[in-house]
Amino acid sequence: MSNEHFQRCIDTCFECATECTHCENACLNEKEVKELVRCIKLSNDCAAICTLSAKMITEESEFASQISELCADICDGCAYECQKYSHLEHCKKCAEVCRRCAEECRGMSNPIVM
């Protein structure tokens with residue numbers, strides 16, 4: 001796998017962590033905050049795993065591919081939940097970034113060997 005792909009995944013993970021943290025904080029300020037509890041929790045989980053995944057890839061951890069696969073699964077869950085609230089711009093953007101991150105992370109966990 002190319003260094004370019006590693007770097008793209010790392011960058012996308014950090015972008016996703018940032019967007020999820022923004023979404024989480026914005027959801028806490030919404031009027032219907034009680035309806036957004038699962039979204040808030042998943043955004044928090046997603047930000048944490050994305051940061052960890054980027055760190056593990058950067059450090060060339062032997063567990064980077066497993067962490068990346070878990071990251072993709074959590075990103076998918078967060079995207080699905082945020083999409084339910086796509087009328088909120090922060091949730092809509094979070095869902096988009098989470099889907100992109102899941103795709104990048106899946107590429108890390110299933111590398112093409114040449």
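## Helix H3

In this predicted model, the residues of H3 that are buried are Ala64, Ile67, Ser68, Cys71, Ala72, Cys75, Cys78, Ala79, Glu81 and Cys82. Helix H3 comprises 20 residues, from 64 to 83. From its first C-alpha to its last, helix H3 reaches 28 Å, close to the 28 Å expected at 1.5 Å a residue.

## Glu81 and its partners

Glu81 has a relative accessibility of 3% and therefore counts as buried, since the limit for that class is under 20%. The side chain of Glu81 meets that of Arg38 in a salt bridge, with a distance of 2.7 Å from N to O. This pair links distant parts of the chain, as Glu81 belongs to helix H3 and Arg38 to helix H2, 43 residues apart. Arg38 itself is partly exposed, with a relative accessible area of 48%.

Glu81 also forms a salt bridge with Lys84, and here the closest N and O atoms are 3.1 Å apart. Lys84 counts as partly exposed, at 46% relative accessibility. Elsewhere, salt bridges that share partners join Glu69, Asp73, Asp76 and Arg106 into one network.

## A link between helices H1 and H4

The count of salt bridges comes to 8. One of them is formed by Arg8 and Glu104, whose closest N and O atoms are 3.0 Å apart. Arg8 lies in helix H1 and Glu104 in helix H4, so this salt bridge ties together parts that are 96 residues apart in sequence. Arg8 counts as partly exposed, at 36% relative accessibility. Glu104, at 11%, counts as buried.

## A buried charge without a salt bridge

Which residue is buried yet has no salt bridge? Glu24 fits this description, and it is found in helix H1, which runs from residue 3 to residue 28. The nearest side chain of opposite charge belongs to Lys41 and is 11 Å away. A salt bridge requires the nitrogen and oxygen atoms to be within 4 Å, which means that Lys41 does not serve as such a partner for Glu24. Leaving aside neighbours within four places in sequence, Glu24 is in contact with Ile40, Ser43 and Asn44.

## Two buried cysteines

Cys27 lies in helix H1. Is Cys27 buried or exposed? Its relative accessible area is 0%, so Cys27 is buried. Not counting residues up to four places away in sequence, Cys27 touches Val33, Leu36, Cys39, Ile40, His90 and Cys91. The C-alpha atoms of Cys27 and Ser43 are separated by 9.7 Å, while the two residues stand 16 residues apart along the chain.

Cys101 is found in helix H4, which covers residues 89-109. This cysteine counts as buried because its relative accessibility is 0%. With residues up to four places away in sequence not counted, Cys101 touches Thr12, Cys13, Cys16, Cys50, Cys71 and Cys75. Two of these contacts, Cys71 and Cys75, are among the buried residues of H3. The C-alpha atoms of Cys101 and Leu88 are separated by 20 Å, with the residues 13 apart along the chain.

## The largest pocket

Rolling a probe the size of a water molecule over the atoms shows where empty space is left. How much space lies in the largest pocket? The value is about 160 Å³.

The lining of the largest pocket consists of Asn3, Phe6, Ile10, Met56, Ile57, Thr58, Glu60, Ser61, Ala64 and Met108. Helix H1 and helix H2 (37-58) each supply at least two residues of this lining. Ala64, one of the lining residues, is also among the buried residues of H3.

Definitions and conventions
Residues numbered from 1 in each chain as written. Predicted model: local features only at pLDDT ≥ 70, side-chain atom pairs only at ≥ 80, totals over all residues. Heavy atoms only, no water. Helix = DSSP H or I, 4+ residues; strand = E, 2+ residues; numbered from the N terminus. Buried < 20%, exposed > 50% of the residue type's maximum accessible area, 1.4 Å probe, protein only. Lys, Arg positive; Asp, Glu negative; His and termini not counted. Contact = heavy atoms within 4.5 Å. Expected span 1.5 Å × (residues − 1). 1 Å grid on protein atoms, 1.4 Å probe; cavity = no way out; pocket = protein on both sides within 12 Å on 5 of 7 lines; lining within 4 Å. Points joined across faces, edges and corners; volume = space filled by probe spheres on them.
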